[in-house]
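Here's a quick briefing to read alongside the coordinates. Have the viewer open, and jump to whichever topic you care about.

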Amino acid sequence: MQPLRRYRAAVLLMAAALLAAMFSPVLVLQVSYQKTGEVILTRTVRPGDEVSVTLTHSFEHIPWNEYYQVQADGTFLLKRIEVGGYGAGIPAEMDVPTYLGEDGLVHMDEINSVFLRFQWVTSQINMKELLLNGQPVLEFSEIPHHSFVTCEILTQRRLFHFG
């Protein structure tokens, strides 16, 4: 009887090790309330995905769009911004390709600044949308005005994640 118990224990141990090895790391975009940690939104992302934020500048009242690329290490790489002009708080002297687009916005490309996470105080008036690969995933008007939120990319381990 003793050898049978050892055999079962060895099989269970091997099965547990195999199961642990099958868990795949997955990047997850998460927006949560800073004060409570309550999760507002989660979406699976991949390196190269685009996360963008659309808003209206709080003082100048002009469009402001930011475009980030998800990096393999879970950071955000700011690729470009589009703004409705120059004024208070708008970066006018960055040494990056800058041009006026057909849409009437000033485009600033190849910024390449890295961000670990974002921490915002939301505005139902000025903040518009959070988009993933061009598709809206969060309307800031759905969050209470002046909420303290964090947007970050976390690494989770999932069993047999395909996609």
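**Rings, charges and a pocket**

Ring pairs join Tyr68, Phe76, Phe115, Phe118, Trp120 and Phe140 into one cluster. Keep in mind that this is a predicted model. The protein has 163 residues, and 37% of them are buried. As for secondary structure, expect 1 helix and 12 strands, with the helix coming ahead of the strands as you read from the N terminus.

**Aromatic pairs**

- In total, the structure holds 7 aromatic pairs.
- One of them is Tyr68 with Phe76, an edge-to-face pair with 6.2 Å centre to centre and 80° between the planes.
- Both partners are tucked away: Tyr68 is buried at a relative accessible area of 4%, and Phe76 is buried at 0%.
- Phe76 also pairs with Phe118, and here the ring centres are 4.6 Å apart with the planes at 45°, so this pair counts as tilted.
- Why does the Phe76 and Phe118 pair tie together parts that are apart in sequence? Phe76 belongs to strand 5 (residues 76-83) while Phe118 belongs to strand 9 (residues 117-121), so the contact bridges parts 42 residues apart in sequence.
- Phe118 is buried too, with a relative accessible area of 7%.

**Arg80 and its two partners**

- Arg80 sits over the face of Tyr67, at 3.7 Å from the ring centre.
- The side chain of Arg80 also meets that of Glu82 in a salt bridge, at 2.6 Å from N to O.
- Is each partner buried or partly exposed? Arg80 is partly exposed, with a relative accessible area of 24%, whereas Glu82 is buried at 7%.

**Salt bridges**

- Side chains of opposite charge can pair when their charged atoms come close.
- The structure holds 2 salt bridges, and the Arg80 and Glu82 contact described above is one of them.
- Glu152 and Arg117 also form a salt bridge through their side chains, at 3.7 Å from N to O.
- Glu152 is in strand 12 (residues 148-159) and Arg117 is in strand 9, so this salt bridge ties together parts 35 residues apart in sequence.
- Glu152 is buried, with a relative accessible area of 17%; the cut-off for buried is under 20%.
- Arg117, in contrast, counts as partly exposed at 40% relative accessibility.

**The largest pocket**

- The largest pocket has a volume of about 210 Å³.
- Which residues are the closest to its centre? They are Leu55, Glu66, Trp120, Val121 and Met127, out of 14 residues that line the largest pocket.
- Strand 3 (50-56), strand 4 (63-70) and strand 9 are the elements that each give two or more residues to this lining.
- By class, the lining of the largest pocket comes out as 8 nonpolar, 5 polar and 1 charged residues.

**Where the topics meet**

- Trp120 turns up twice, as a member of the ring cluster and among the residues closest to the centre of the largest pocket.
- Strand 9 keeps coming back as well: Phe118 of the tilted ring pair lies there, so does Arg117 of the salt bridge with Glu152, and strand 9 gives two or more residues to the lining of the largest pocket.

How values were computed: Residues are numbered from 1 along each chain as its sequence is written. This is a predicted model: local features need pLDDT of at least 70, side-chain atom pairs count only at pLDDT 80 or more; totals for chains, interfaces and linings use all residues. Side-chain values use heavy atoms; hydrogens and water are left out. Rings of Phe, Tyr and Trp (its six-membered ring) pair if their centres lie within 6.5 Å; planes under 30 degrees apart count as stacked, over 60 as edge-to-face and the rest as tilted. Buried means under 20% relative accessible area, exposed over 50%, partly exposed in between (1.4 Å probe, protein chains only). Helices (H or I, at least four residues) and strands (E, at least two) are DSSP runs, numbered from the N terminus. A charge sits over a ring if NZ of Lys or CZ of Arg is within 6 Å of the ring centre and within 35 degrees of the ring normal. A salt bridge is a side-chain nitrogen of Lys or Arg within 4 Å of a carboxyl oxygen of Asp or Glu. On a 1 Å grid over the protein atoms alone, a cavity is a set of points where a 1.4 Å probe fits but cannot get out, and a pocket is an open set with protein on both sides within 12 Å along at least five of seven lines; lining residues have an atom within 4 Å of a point. Grid points are joined across faces, edges and corners, and a volume is the space filled by probe spheres set on the points. Ala, Val, Leu, Ile, Met, Phe, Trp, Tyr, Cys and Pro count as nonpolar, Asp, Glu, Lys and Arg as charged, and the others, Gly among them, as polar.
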